[in-house]
Amino acid sequence: MKYCRVIGSVTAAVKHPAYAGQKLMLCQPLDSAGTDTGDTFIAVDSVQAGPGDVVVVLTEGNGVRQILKQGDLVPIRSIIVGIVDSLDA
Amino acid sequence: MYLGVVQGTVVAERKVEALVGKKLLLVQPVDDRKQPIGPLQVAVDTVQAGEGDLVYLVGSREAALALDPWFTPVDAAIVGIVDGVHNPERSA
């Protein structure tokens, strides 16, 4: 999983049916000091995360399919699976 | 998943049978400020995107799952046309 901060959201009216009703969040990967590192990417949200939240993001499709329970043909690769309360590093 | 800007259409007459009838677009992956990230990609389109559109894509095995039939050999698929990117941190 990746350690990220949610920096915003993305809206799209025209999309693949598997994304219907899914909230899309912009994620910025962080290092252990909380500094931005690497390129932003998009993840669907399963924990009601919002901008500014530090989160744990699963970036592997099989785990996504287990969480969403929409069958075996879900073209989604990234999902926010936890909101971080604190980090001891 | 990641953002990208469609730069053009790729036409290939001779291709793997499973790609027949699939629209291929040339896409530049971008960050949330539309700054380019990495090299251009060819992606298969599932949402009737066109040149200049800001889209989002899914990569790797999940790209194939966006298609019907899903065992198509692709590693990037356009799965949405972006209406807005809301970024409270960077709009300030």
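Select Leu26(B) to begin, and look across to strand E3 of chain B, where the bridge partner of Leu26(B) is Val42(B). The model in the viewer is a predicted one, and this residue pair is a convenient entry into the sheet of strands around it.

Widen the selection to the two strands concerned: E2(B) and strand E3 (residues 41-45) of chain B pair in the antiparallel sense, with four bridges between them. On the other pairing of E2(B), select E1(B) together with strand E2 (residues 24-30) of chain B, and seven bridges can be followed between these two antiparallel strands. One residue pair to label here is Val6(B), whose bridge partner in E2(B) is Val27(B).

Next, select Gln7(B), which belongs to strand E1 (residues 2-10) of chain B. Is Gln7(B) buried or exposed? Because 14 other C-beta atoms lie within 10 Å of its own, and the partly exposed class falls between the limits of 12 or fewer for exposed and 20 or more for buried, Gln7(B) counts as partly exposed. If neighbours within four places in sequence are set aside, the contacts of Gln7(B) are Leu26(B), Val27(B), Gln28(B), Leu40(B) and Glu51(B), so that the opening residue of this tour, Leu26(B), appears again in that list. A distance worth drawing in the viewer runs from the C-alpha atom of Gln7(B) to that of Asp53(B), which is 46 residues away along the chain but separated by 8.3 Å.

Now show chain B as a whole. Its elements, two helices and six strands, follow the order β-β-β-β-α-β-β-α from the N terminus. The C-alpha atoms occupy a box of roughly 50 × 20 × 20 Å along the principal axes, and the radius of gyration of chain B, 14 Å, agrees with the value near 12 Å that a compact globule of 92 residues would have. Buried residues account for 38% of the 92 residues in chain B, and 51% of the contacts with a separation of 6 or more join residues 24 or more positions apart.

Bring chain A into view and colour the contact between the chains, to which chain B gives 30 residues and chain A gives 25. On the side of chain B that touches chain A, the elements giving two or more residues are E1, strand E4 (54-59), helix H1 (61-65), strand E5 (76-81), strand E6 (84-86) and helix H2 (88-91). Coloured by residue class, that side of chain B shows 17 nonpolar, seven polar and six charged residues.

Strand pairing also crosses between the chains: strand E1 (residues 2-11) of chain A and E6(B) are antiparallel partners over three bridges. To find this place, select Thr11(A), whose bridge partner in E6(B) is Gly84(B).

Move on to Pro51(A), in the loop that links strand E4 (41-45) to strand E5 (54-58) of chain A. Pro51(A) is partly exposed, with 15 other C-beta atoms within 10 Å. Beyond residues up to four places away in sequence, Pro51(A) touches Val6(A), Ile7(A) and Gly8(A), and also Pro88(B) and Glu89(B) from the other chain. Met25(A), 26 residues from Pro51(A) in sequence, lies 8.2 Å away, C-alpha to C-alpha.

Finish with the whole of chain A, which has one helix and six strands in the pattern β-β-β-β-β-α-β. Its C-alpha trace spans about 40 × 25 × 20 Å along the principal axes, and 39% of the 89 residues of chain A count as buried.

Definitions and conventions: Residues are numbered from 1 along each chain as its sequence is written. Chains are lettered from A and ligands numbered from 1 in the order in which they are written. This is a predicted model: local features need pLDDT of at least 70, side-chain atom pairs count only at pLDDT 80 or more; totals for chains, interfaces and linings use all residues. The radius of gyration is taken over C-alpha atoms; the globule rule is 2.2 Å times the number of residues to the power 0.38. Two residues are in contact if their C-beta atoms, placed from the backbone, lie within 7 Å. Ala, Val, Leu, Ile, Met, Phe, Trp, Tyr, Cys and Pro count as nonpolar, Asp, Glu, Lys and Arg as charged, and the others, Gly among them, as polar. Two strands pair if DSSP finds at least two bridges between them.
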